[in-house]
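I opened this notebook to record what I looked up, beginning with the ligand and then turning to a pair of helices.

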Amino acid sequence: MTRIAFIGLGNMGGPMAANLVKAGHAVIGYDLSHDMLKAAEATGVKAANVLTEALVEAEVVVTMLPKGQHVLTVWTDILRSVPKGMLLIDSSTIDVDSARKAHVMAGEVGCLSLDAPVSGGTGGASAGTLTFMAGGSPESFAAAKPLLEVMGRKIVHCGDAGAGQAAKICNNMILGISMIGVCEAFVLGEKLGLSHQALFDVASTSSGQCWSINTYCPVPGPVPTSPANNDYKPGFSAALMLKDLRLSQEAALSSGASTPLGAEAAQLFGLFEKLGNGSRDFSAIIEMFREA
Ligand code: NAD
C-alpha cells in the first residue's frame, strides 16, 4: 500500500485515482473544483481541502492537470512542502520545455520526478488500460512503474526528462496528420462514386492502412465502434487534438525541426474548432472537407 496524493481529479485524473484506490492504495486527492472532489470521494479517494493537506502523509504525488503553466505552479507549491526523496509523477499532456523545467525544479530539492503522459482517453483511464510514455531517470521510472501498472496496460520508458512528453506529441502529430489524410481520401472516394466499404476493404489491408482507418474509420459503417457511428461523440475531442498539435508546433519551433504537415494539421484543426466543433470527436473533421 502506498500513500498517494493525487492532484487534478478531472475527466482523466478522477478515474485514474479511483483505480489506485481499487488496487488498495491510500489516495488523498485535491482539485480546485468542488464537484470533481466530491465525485472522487464517491470512489474512495479521501478529499483534501487544500493542496498541502493532501501532501502531509504522501509518499508519492501524481498530477493530472490541463497545461504546463498549471503543472509548474502546482509543482512549485508541492516542492515547498515535501521531504527530499519524494517521487512526483506528472501525467498531464504539457509542452516539453515546461516538463523539463519541472524535472529541474524537483532535482534542485532532491526529489525524484517523471513525466508520464498517457494515451487511451477517458475510457482507458476508467478501464485501467492507458499507455504511459515516461521520461526521467531509471530510478524514478523504477519507483513509479508499479503505480503506473495499476492505471495502465503499457508502460514505456522513453528516455530522460521530457522524453515522455516528446513521444506523446510526436505520436499525436502522426495521428492528426493521418486522420486528415484518411478523411481526404474518403471524400475523394465519395466524389468518385466509391463506396465507403469498398475503400475501407482495400485501404485497411493495403499500404494505406493505419489506426485512423483500421480502428477509427471517420465514416459510419466499416468500423462499428468508431465515433462516426455515434454522431462523432468523443472519443478524442477536436479541442484536445488541436492542443496536442499546437504543442508539437511549439516543440518544432524550439528544437528547429521542420514539420510542414504538422503545421498544416494544426491550422486545419484550428479552423475546425473555430467553426464550433471543439467538443466533437476529431474524426468529424471529414465534414469540413466535404463542405469545402
Ligand atoms: P480536466 O479539465 O477534466 O481535468 C483537469 C482538472 O485539473 C480539473 O478538474 C481542474 O479543476 C483541475 N485543476 C486545474 N488547476 C488545478 C490546480 N491548480 N489545483 C488542483 N486542481 C486543478 O482535463 P482531463 O481531460 O482530465 O485532462 C487532464 C490532462 O490529461 C490534460 O493535460 C489533457 O491534455 C490530458 N489528456 C486528456 C485525455 C482525454 O481524453 N481527456 C487523453 C489524454 C491526455
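Before listing neighbours I fixed my term: I call a residue near a molecule if one of its heavy atoms lies within 4 Å of that molecule. I also noted that this is a predicted model.

**Entry: around the ligand**

I looked up the surroundings of the ligand and found 22 residues there, the closest being Asn11, Met12, Asp31, Leu65 and Lys243. Sorted by class, the shell holds eleven nonpolar, eight polar and three charged residues.

Next I went through polar contacts of the ligand's oxygen atoms. For asparagine 11, a polar backbone atom lies 2.9 Å from an oxygen atom of the ligand, while for aspartate 31 the partner is an N or O atom in the side chain, at 2.6 Å from a ligand oxygen. For leucine 65 I again noted a polar backbone atom, with a ligand oxygen 3.0 Å away.

I then looked up how far the ligand is covered: on its own it has 830 Å² of accessible area, and the protein covers 83% of this. Helix H6 (121-127) and helix H11 (238-255) are the elements that give two or more residues to the shell.

**Entry: a pair of helices**

How are helix H1 and helix H7 packed, at what angle and how far apart are their axes? I found that H1 (residues 13-22) and H7 (residues 138-151) pack at about 110°, with the axes 8 Å apart, and they are therefore roughly perpendicular to each other. Met16, Asn19 and Leu20 make the contact from H1, and Leu147, Val150 and Met151 make it from H7. By class, I wrote down five nonpolar residues, one polar and no charged ones for this contact.

Methods: Residues numbered from 1 in each chain as written. Predicted model: local features only at pLDDT ≥ 70, side-chain atom pairs only at ≥ 80, totals over all residues. Heavy atoms only, no water. Axes fitted to C-alpha atoms, helices over the stretch in contact; angles between N-to-C directions. Helix = DSSP H or I, 4+ residues; strand = E, 2+ residues; numbered from the N terminus. Parallel < 35°, antiparallel > 145°, perpendicular 65-115°, else oblique. Contact = heavy atoms within 4.5 Å. Nonpolar A, V, L, I, M, F, W, Y, C, P; charged D, E, K, R; others polar. Polar contact = N/O pair within 3.5 Å; in protein donor to acceptor, adjacent residues only side chain to side chain. Areas by Shrake-Rupley, 256 points an atom, 1.4 Å probe, with all protein chains shown as cover.
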